[in-house]
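Welcome, and thanks for taking a look at this chain with us. Please open the sequence and the model side by side before reading on.

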Amino acid sequence: MNASESLHARLAGNAGVAALVGTRIYPVSIPQVPTMPCISYSLRSEPTAHCMTETASTIKRANYTIQCWDVDWDGAIELAEAVEAAIDADYMAAWGGVGGIRAAVTLTNQVDLGDDPTQWKRRILEFEVWYTP
């Protein structure tokens, strides 16, 4: 299981997140006509790290963007808080169960955006994830 699959499993398996979105957790983008609220997530970057021996490190760093969508600000913020709680539940946590990854996660930024012409609201969370595959 890769880091993106493990992130999806972590969100989908969290009771607080699942109570708000059910299975509406999408990689990269949401459907053109989505049911709200919903979540989209994407890998923003995953720089390659090398050890002093010039071999690839077994510890990886990835930057993820998680967008929490709803029709109003209260809903988008409530969903973002549930996502943050799910991600930050354990600083060093196993994501994705058996076959998943072990991850250390830090919330690095939050941004609020409203989309025209749909008027959907979203809070964007940016996380840095250090993990071992």
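The report below goes from the overall fold to strand pairing, and then to single residues.

**Overall fold**

Please keep in mind that this is a predicted model. The chain holds three helices and six strands. If you follow the sequence from its start, these elements come in the order α-α-β-β-β-α-β-β-β. Of the 133 residues in the chain, 38% are buried.

**How the strands pair**

Let's begin with strand β1 (residues 25-27), which pairs with strand β2 (residues 38-45) in the parallel sense, over three bridges. Within this pairing, Pro27 has Tyr41 of β2 as its bridge partner. Strand β2 also pairs with β3, here in the antiparallel sense and over seven bridges. If you would like a residue to look for in that pairing, try Ile39, whose bridge partner in β3 is Cys68.

Further along, strand β5 (residues 101-114) and strand β6 (residues 121-132) run antiparallel and are joined by 12 bridges. Leu107 can serve as a landmark here, as it stands opposite Phe127 in β6. The hairpin of β5 and β6 has six residues between the strands, and Gln119 in this hairpin takes a positive phi near 70 degrees.

**Two contacts across the sequence**

Here are two residue pairs that are worth finding in the viewer.

| Pair | Apart in sequence | C-alpha to C-alpha |
|---|---|---|
| Asn2 and Gly100 | 98 residues | 7.1 Å |
| Asn63 and Leu43 | 20 residues | 6.1 Å |

Asn2 belongs to the segment before α1 (3-12). Asn2 counts as partly exposed because its relative accessibility is 41%, which falls between the limits of 20% and 50%.

Asn63 is part of strand β3 (residues 60-70). Is Asn63 buried or exposed? Its relative accessibility is 8%, so Asn63 counts as buried; the cut-off for that class is under 20%.

**A charged patch on the surface**

Finally, turn to the surface, where Asp72, Asp74, Glu78 and Glu81 gather in a patch of negative charge. One of these residues, Asp74, lies in helix α3 (residues 73-87). Asp74 has a relative accessible area of 64% and is therefore exposed, since that class begins over 50%.

Methods. Residues numbered from 1 in each chain as written. Predicted model: local features only at pLDDT ≥ 70, side-chain atom pairs only at ≥ 80, totals over all residues. Heavy atoms only, no water. Pairing = 2+ DSSP bridges. Helix = DSSP H or I, 4+ residues; strand = E, 2+ residues; numbered from the N terminus. Patch = residues over 30% accessible without salt bridge, like charges linked within 9 Å, V, L, I, M, F, W, Y side chains within 5 Å. Areas by Shrake-Rupley, 256 points an atom, 1.4 Å probe, with all protein chains shown as cover. Salt bridge = Lys/Arg side-chain N within 4 Å of Asp/Glu carboxyl O. Lys, Arg positive; Asp, Glu negative; His and termini not counted. Charge placed at Lys NZ, Arg CZ, Asp CG, Glu CD. Buried < 20%, exposed > 50% of the residue type's maximum accessible area, 1.4 Å probe, protein only.
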